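Me: I want the reasoning behind the labels, not just the labels. Can we go through them one by one?

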Amino acid sequence: MHLLAIDLRKAVRTMPSTYDVIIIGSGSVGIPSAWAMARSGLNVLVLDKLASPGQGSNKAAIGGMRATHSEPAKIKICLRSLEIASTWQGTYGHDIDWRTGGYSFVAYNDSIRDTLQGLIGTQQASGLDITWLDRSELLERVPALQPDGLLGGTFSPNDGQCSPLLLGQAMFEQACKEGATFRFQETVTDIDTDNGRVTGLRTDKGRYAAPIVVNAAGGSAPEIGKLLGLDHPVIPDSHEAGITEPVARFLDPMIVDIQPGDQSANCYFFQLATGQIVFALTPDPLIPGTDCRETSDFLPLIAKRMIRLVPRLANLRVRRTWRGLYPMSPDGAPLVGRDPSVEGYVLAVGMCGHGFMLGPGLGELMDRMVRSDLTEDDQATLDALSPSRNFKGNAALK
Ligand SMILES: Cc1cc2nc3c(=O)[nH]c(=O)nc-3n(C[C@H](O)[C@H](O)[C@H](O)COP(=O)(O)OP(=O)(O)OC[C@H]3O[C@@H](n4cnc5c(N)ncnc54)[C@H](O)[C@@H]3O)c2cc1C
C-alpha cells in the first residue's frame, strides 16, 4: 500500500468526531437541552463523568415543579417546563409520575403574608395562575394544615411534581431517538480554543470537535470555567431530603414554608403521586461544599417543622434520607447565556434549588439560543439571567 494512503488512514482515525454542540453534563439541564437541540436537527454530544443519565444533583431533587417564582424570567421558563412535563406521557408515552397538585406558600405571620402578597402582581403579570387564599379558603383546600395562627397562603393550581429519575430517563431516551449521542463515565478535562473561539474539548477518553460547548456541569460548573481561565460565581452547597412510607392521599398541594427558624431558612414537602411524603429544607447557615453524606441533625429538625405545619404527619414513618447539592448563584437565579470572552462557550449553570423545574423550559431556550432563533421574550429572559449581570438582586422565593 502507498505510504500516503497509510498516513491518511491514521489521520482519519485520530481526527476528533465533530458535532454541532457538545454539552458537558447529563443532568437536569443537560438532558432536556440535548433533547430540544436534537429535535431541531442539531448533531449533539452529551458527556458525563457518571455512569448514566441524571445521576448528579438531578437525582437528589424531590421533584417539585413550580412556576411560582419572584422573577419573570424564571416564571416564564418554568411555565414552559410545566407544559412539557404535564403533557409528556400523552405525547411520548413514558409514565413520569406526573401530578398537578399545585403549590401553596403558607403564612403564619404578617411579614411572610406581606412578602407573598407583594409578589402576586408580578407573578400574575408574567402569566402565572396564582391567587391568595385567606385562612378559611386555604383550610378548605388543605384541611391537614395547622389552623392555629394561619393567616392564609398563595395557591398556584397548575404547579406540580414528577419523578426526576423518570423524567430524566424519559428525556434521555427521547433525545437518543432524535439522534443525540450520550457518552458516560467520561470526564471533561480540557476545552480547546483557537483565536478566542471554542473548537472542541478533551476528556479522559478522547477528543471531540464542536464550535459550541455548553457548560451544564451543575456543582462542577466552576471547574469547567477554570479550564478556560474563567471564574463562574457558582458555589455548591448541600441540602438534605427524605421520604416516608406511602399512605392514602391526604395532602395536596406542595406546602412551602419560607419562615426562617430552627437552623433552617425554609422547608417544603408534598405527597407523591405514589403516596409517600417527600420533604427537604434549606439549612441556615448554608453548608457550602460537596459533602453528600446524610447527617443525624436533619430528621429531628425537619420533623419538628413539618409536624408544626401538618400535625398528622407525626404518625408517618420515614423510609430514608439523602443529601445532594444546590449549585448556588449569588442572587438565587441561574446564569444562562453565551460567555462574552470565549466565542462558542455557553453557560447554563447556577440552577440553585430549581434546576429540575427549570430544565425542560430552559432546554428549549438553549436550543433557540444556539440556533440564533430567539424571540423578543427569550432575549428579555436571557438579559435577566445574563452571566455578566451584577448579581445585586436577591430572589424572594429561593
Ligand atoms: C435535597 C434536594 C432537593 C431538591 N429538590 C428540587 C425540586 O424539588 N425541584 C427542583 O427544581 N430542584 C430541586 N433541587 C435542585 C436540583 O436538584 C438542581 O438544581 C439541579 O439538579 C441542577 O441541575 P444541573 O443540570 O445544573 O446539575 P446536575 O443535575 O448535577 O448535572 C450536572 C452533571 O454534570 C456532570 N459533570 C460535572 N463535571 C463534569 C465533567 N468534568 N465531565 C463530565 N461530566 C461532568 C455531573 O456528573 C452531573 O451529572 C433539589 C436539590 C436537592 C439537593
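Reply: Start with a helix pair in this predicted model. Helix 2 and helix 10 pack with their axes 7 Å apart, at an angle of about 45°.

Me: What makes helix 2 and helix 10 oblique to each other?

Reply: Their angle is about 45°. Roughly parallel needs an angle under 35 degrees, and roughly perpendicular runs from 65 to 115. The value fits neither range, so helix 2 and helix 10 count as oblique. Their crossing is right-handed.

Me: How do you describe helix 2 (residues 30–39) against helix 7 (residues 164–177)?

Reply: Those two helices pack at about 30°, and their axes are 8 Å apart. The cut-off for roughly parallel is under 35 degrees. Therefore helix 2 is roughly parallel to helix 7.

Me: Which hand does the crossing of helix 2 and helix 7 have, left or right?

Reply: Helix 2 passes helix 7 in a left-handed crossing.

Me: Now the ligand. What makes the approach of Cys352 to the ligand a polar contact?

Reply: A backbone N or O atom of Cys352 is 2.7 Å from a ligand oxygen. The limit for a pair of N or O atoms is within 3.5 Å, so the pair qualifies. Asn58 qualifies too: a polar backbone atom there is 3.1 Å from an oxygen of the ligand. For Phe356, a polar backbone atom is also 3.1 Å from a ligand oxygen.

Me: How much of the ligand's accessible area does the protein cover?

Reply: On its own, the ligand has 1,000 Å² of accessible area, and the protein covers 97% of that.

Me: Which residues and elements make up the shell?

Reply: The ligand is surrounded by 39 residues, with Ser28, Asp48, Ser57, Cys352 and Met357 the closest. Strand 14 (235–244), strand 18 (318–328) and helix 10 (355–370) each give two or more residues. Strand 18 has the largest share, with four residues.

Me: How does the shell divide by class?

Reply: There are 19 nonpolar, 16 polar and four charged residues around the ligand.

Me: What makes the phi of Cys352 worth a remark?

Reply: Most residues other than glycine have a negative phi. Cys352 is not a glycine, yet its phi is positive, about 55°. Cys352 sits in the loop between strand 20 (345–349) and helix 10.

Me: Where is Gln185, and what is its phi?

Reply: Gln185 is in the loop between strand 9 (181–183) and strand 10 (188–194). Its phi is near 55°, again positive in a residue other than glycine.

Me: Which peptide bond ahead of Pro253 is cis, and what is its omega?

Reply: The cis bond joins Asp252 and Pro253, and omega is about -5°. Pro253 belongs to the loop between strand 14 and strand 15 (254–257).

Me: What is the omega of the bond from Asp284 to Pro285, and where is Pro285?

Reply: Omega is near 5°, and the bond is cis. Pro285 lies in the loop between strand 17 (277–283) and helix 9 (298–309). Most peptide bonds are trans.

Notes
Residues are numbered from 1 along each chain as its sequence is written. This is a predicted model: local features need pLDDT of at least 70, side-chain atom pairs count only at pLDDT 80 or more; totals for chains, interfaces and linings use all residues. Side-chain values use heavy atoms; hydrogens and water are left out. A residue is near a molecule or strand if one of its heavy atoms lies within 4 Å of it. A polar contact is a pair of N or O atoms within 3.5 Å; within protein, one must be able to donate a hydrogen and the other to accept it, and residues adjacent in sequence count only if both atoms are side-chain atoms. Accessible areas come from the Shrake-Rupley method with a 1.4 Å probe; for residues, only the protein chains shown count as cover. Ala, Val, Leu, Ile, Met, Phe, Trp, Tyr, Cys and Pro count as nonpolar, Asp, Glu, Lys and Arg as charged, and the others, Gly among them, as polar. Axes are lines fitted to C-alpha atoms, for helices over the stretch in contact, and angles run from 0 to 180 degrees between N-to-C directions. Angles under 35 degrees count as roughly parallel, over 145 as roughly antiparallel, 65 to 115 as roughly perpendicular and the rest as oblique. A crossing is left-handed if the near helix is turned anticlockwise from the far one by less than a right angle, and right-handed if clockwise.
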